Amino acid sequence: MDWSWLVGSYHEQIVASGKQPVLLLLVGLVGGFGFIRTSTRMIRAQVKWWPGNVSASGVHLHHEVFGVVLMLGSGAISFGVSSIHPWRDLLGLLFGIGAGLVLDEFALLLRLSDVYWSKEGRTSIDAVIVAVVLTGMLLVRAAPFGVDDLRPAEASTRWVVVGVVVVNLVLTLVTALKGKFWLALLSTFVTFVGIVGALRLATPGSPWARRRYDADEIERARRRAAPWDHRKQRIVSLIGGSPSPESAGSGDR
């Protein structure tokens, strides 16, 4: 099978456009998170042949420590590297791996407590998903839907562009205030998603619901949100593992 077309397309769309470091950063982010989450789940399951936790002088070293070192090291070196290829690609990959390790324990940094296997620890999964989506948007250089389709005469006035961006910003803000953060993230470059998020019922604990809804509307919002919350928790459990009844200490992973 001839794969030359695929290689040529990759070179044209990724390498020639300067996107390869961002792509490798994304690969490192997903790969670093995937590896370390698999490792912690193996340790939690007490798989005998899998290496255990890393300690130094009796102190458990969380993998966020190694992630911070990778991020700081690769970030600092990037300022001193004069040649772009291949060092920029390698540094992007290392930075992504470090980011994956750090974001996997984002909840611990946020709460300054070992909540890795608790319900609060699921904040880490949210942080990783947000980072992956934002990096993906950076890779494809996403712009608000409609901006790229403007005719030169329209773009020259700039008011149409400003109008599209402002509308997207308002829709994104309303969607976020309604507690629909994933829709708000997508609405930054897909206007239709922002329209749907802005028109739908807010989540019961959102700022929009607390300020604008009465008791009946909050109860309606709670009933509407329950099935979606259940589906989300199932997906998060599939990615990061089920939470423990109580927060697990560092010795459990």
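This is a short talk on one helix and two nonpolar cores in a predicted model.

Okay, so keep in mind that we're looking at a prediction here. Let's start with α3, which runs over residues 63-80. That's 18 residues, and from the first C-alpha to the last the helix reaches 26 Å, close to the 26 Å you'd expect at 1.5 Å a residue.

Now, which residues of α3 are buried? Those are H63, E64, G67, S74 and G75. If you look down the axis of α3, the buried residues sit within an arc of 100 degrees, so they line one face of the helix. Go round to the face turned away from that buried side, and you find the exposed residues V69, L72, A76, F79 and G80. As for what covers the buried residues of α3, the cover includes α2 (20-44), α4 (87-103) and α5 (106-111).

Right, on to the cores. The largest nonpolar core has nine residues. They are L29, F33, A99, L103, I125, A127, V128, A131 and V236. Who's supplying them? At least two residues each come from α2, α4 and α6, the last of these being 123-140. Which helix gives the most to this core? That would be α6, with four residues.

Let me zoom in on A127 for a second. Setting aside neighbours within four places in sequence, A127 is in contact with L103 and F106.

And there's another core, lying apart from that one. This other core has five residues, among them A202, A209, Y213 and A221.

One general remark to finish: in soluble globular proteins, nonpolar side chains tend to be buried together.

Key. Residues are numbered from 1 along each chain as its sequence is written. This is a predicted model: local features need pLDDT of at least 70, side-chain atom pairs count only at pLDDT 80 or more; totals for chains, interfaces and linings use all residues. Side-chain values use heavy atoms; hydrogens and water are left out. The expected span of a helix is 1.5 Å times one less than its number of residues. Buried means under 20% relative accessible area, exposed over 50%, partly exposed in between (1.4 Å probe, protein chains only). The arc is that of the directions from the helix axis to the C-beta atoms. Contact means heavy atoms within 4.5 Å. A nonpolar core is a set of buried Ala, Val, Leu, Ile, Met, Phe, Trp, Tyr and Cys residues joined through side-chain atoms within 4.5 Å.
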